[in-house]
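I opened the notebook to look up two things here: the overall make-up of a chain, and how a pair of helices packs. My entries follow below the structure.

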Amino acid sequence: MTDSTASTPHNVIEVRDLVTHYGDRMILKGISMDVHADEVMVIMGGSGSGKSTLLRHLMALEHHTSGTMRILGEDIDKLSGVELVELRQKLGVAFQGGALFSSMTVGENVMLPLFEHTGLDRKTMEIMARMKLEVVSLGGFENLMPSELSGGMIKRAAFARAIVMDPKILFCDEPSAGLDPVVASALDDLILLLRDALGMTVVVVTHELESAFKIADRITILDRGEILFIGTPDELRADPSQRIQNLLNRVAEDDTMDADAYLNRLTGEQPAYRPL
Amino acid sequence: MTPTDARNPIVVTTEKVGRAAVAGVEEIGLGAMMVVESFYWLIFGRREKQAVRLGAIAEQCMAIGIQAVPIIALLAATIGMMLAIQGIHTLRIFGAESRVTVGISFSVVREFAPLITGIVIAGRSGSALAARIGTMKINQEVDALYVMGINPVRFLVVPAMVAMVIMVPALTLFSDFVGLFFAGVYVNLDLGISLAAYMDQTIELLSVDDLMHGLGKSVIFSILIAVIGVVNGASVQGGAEGVGKATTRAVVQSISAIIVTDMLFAFVVTR
Ligand SMILES: Nc1ncnc2c1ncn2[C@@H]1O[C@H](COP(=O)(O)OP(=O)(O)OP(=O)(O)O)[C@@H](O)[C@H]1O
Ligand SMILES: [Mg+2]
């Protein structure tokens with residue numbers, strides 16, 4: 001799969017020299033990247049490196065300072081309101097916290113895009129919503145309120161809502177963060193299923209190295225607003241650059257390192273003291 | 001104290017006042033934009049393939065209007081009786097108690113019904129609107145609407161605003177009746193004027209103008225409540241605490257706006 005798409009790279013997302021600011025602070029410092037059709041692109045990087053920011057720009061939720069972005073061939077700066085709405089119907093987004101509407105049932109949440117953008121009758125929409133809920137193993141939960149779901153179920157329901165319009169591109173911000181390994185791994189399988197069965201392009205932001213290597217066709221690594229690496233997981237493993245190897249190892253050791261630094265910060269002690 | 005220190009407080013204060021003024025103007029501008037945008041979606045929504053849903057408006061009407069009926073009835077009845085008590089007490093000085101109907105009918109219809117309805121709705125629904133939009137914002141639900149291609153103003157603001165504009169005048173009319181009726185009951189008990197005679201008198205005294213004066217005000221109140229709720233909700237920052245602050249601000253601002261507008265309206269229209 002990876003090889004066949006790589007040989008005929010048809011870009012669904014093209015970012016060129018993207019510079020973005022929050023207030024006066026420059027967050028993304030001139031990023032260029034492509035996402036090919038039918039691939040799973042994983043975006044990784046340290047906390048605060050700008051992953052969520054990049055994702056928000058790819059979803060056309062923020063205004064950039066300079067650079068261009070083409071999504072499904074459309075330059076998003078040149079789209080009118082109606083055209084942007086039409087483009088957005090081809091995008092699905094599973095937000096980090098789910099972002100389910102708390103006043104609606106799970107089923108109504110999943111149905112909402114259909115309800116707003118299609119002229120289907122309610123029965124058909126209900127069936128379609130139930131089908132998507134089955135895909136994420138939430139069949140039979142459509143009448144519960146989001147507040148009655150567990151964290152993992154909320155994430156899966158958000159997935160169902162994101163894919164209910166059969167989008168061309170699916171964006172996920174940290175799908176497995178805060179989930180137990182079994183559910184996290186099931187979500188990874190789901191992402192692969194969506195790519196293979198429904199032909200979606202998936203852009204995933206994640207911290208989990210293991211999950212990234214499992215699902216990614218290609219990986220982008222962001223570091224303080226700049227791109228450090230773009231390539232396949234194999235290329236990443238084999239990359240001779242010390243910086244990337246450090247980063248890979250550091251990401252893997254993140255937990256222990258962080259705990260120490262955290263303790264030091266809490267106690268206000270100098271980091272000179274090393275117990276091990 | 002050095003000269004710079006002496007000048008600093010003035011500079012600092014001036015700057016603070018300036019900033020607050022700019023922020024205030026900005027907020028008013030945002031509110032005005034929200035009204036314009038709401039009208040836009042209401043009229044052209046269909047053309048943009050984003051029609052405003054009648055179901056959503058009906059739902060908001062239920063929440064804003066129908067559920068507020070008991071409390072508004074209670075307060076309108078209380079105000080009506082209070083006006084009767086005070087009116088009779090005051091007029092007794094001149095021995096003119098039987099003329100109390102004049103004061104009651106004008107006060108209820110022109111002032112107290114719109115005012116009490118506006119204040120109750122600001123407290124119940126203006127705050128709820130701010131809290132709902134604020135919570136949705138911090139939970140990324142507003143972002144989710146955008147990425148689904150659903151305009152949040154069309155989806156969240158317009159139904160609430162339309163429902164306000166329908167329900168606040170309707171409830172004002174309702175409190176007109178309740179207030180007048182309970183004032184009449186008190187007049188009947190205290191002065192022995194029959195309820196039928198009281199009502200005849202009231203109907204004779206009140207013109208359509210008086211009724212429209214009160215209802216016209218209530219339309220303005222309804223827009224103020226909706227806009228202030230939405231603007232405060234939309235500017236929420238920083239989690240649940242931010243939502244709480246915005247909610248309180250929305251209530252205080254809309255009640256103040258209602259009272260000030262009430263005075264201005266009376267001043268402009270009555271003279
Ligand atoms: N709404 C905002 N306003 C101002 N600054 C922001 C905002 N959102 C993010 N930032 C800043 O932008 C930078 C990048 O943030 P971003 O959320 O993209 O990081 P991230 O890579 O997703 O991190 P994490 O892995 O922790 O989610 C951070 O320095 C952050 O402080
Ligand atoms: Mg993030």
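I looked up the surface of chain B first: about 13,600 Å² is exposed, and carbon and sulfur atoms supply 71% of that area (Shrake-Rupley method, 1.4 Å probe; for residues, only the protein chains shown count as cover). This is a predicted model, in which local features need pLDDT of at least 70, side-chain atom pairs count only at pLDDT 80 or more, and totals for chains, interfaces and linings use all residues. Residues are numbered from 1 along each chain as written, chains are lettered from A and ligands numbered from 1 in the order written, and side-chain values use heavy atoms, without hydrogens and water.

I then checked burial: 44% of the 271 residues of chain B are buried (under 20% relative accessible area, 1.4 Å probe, protein chains only).

I noted 9 helices and 0 strands in chain B (DSSP runs, H or I of at least four residues for helices, E of at least two for strands, numbered from the N terminus). The C-alpha atoms of chain B fill a box of roughly 65 × 65 × 35 Å along the principal axes.

Next I turned to chain A, where helix 4 (residues 106-117) and helix 6 (residues 151-163) pack at about 25°, with axes 7 Å apart (lines fitted to C-alpha atoms over the stretch in contact, angles from 0 to 180 degrees between N-to-C directions). That makes helix 4 of chain A roughly parallel to helix 6 of chain A (angles under 35 degrees).

Which residues of helix 4 of chain A meet helix 6 of chain A? I found A:Val106, A:Asn109, A:Val110 and A:Pro113, facing A:Ala157, A:Ala160 and A:Arg161 (heavy atoms within 4.5 Å).

Methods. Angles under 35 degrees count as roughly parallel, over 145 as roughly antiparallel, 65 to 115 as roughly perpendicular and the rest as oblique. Buried means under 20% relative accessible area, exposed over 50%, partly exposed in between (1.4 Å probe, protein chains only).
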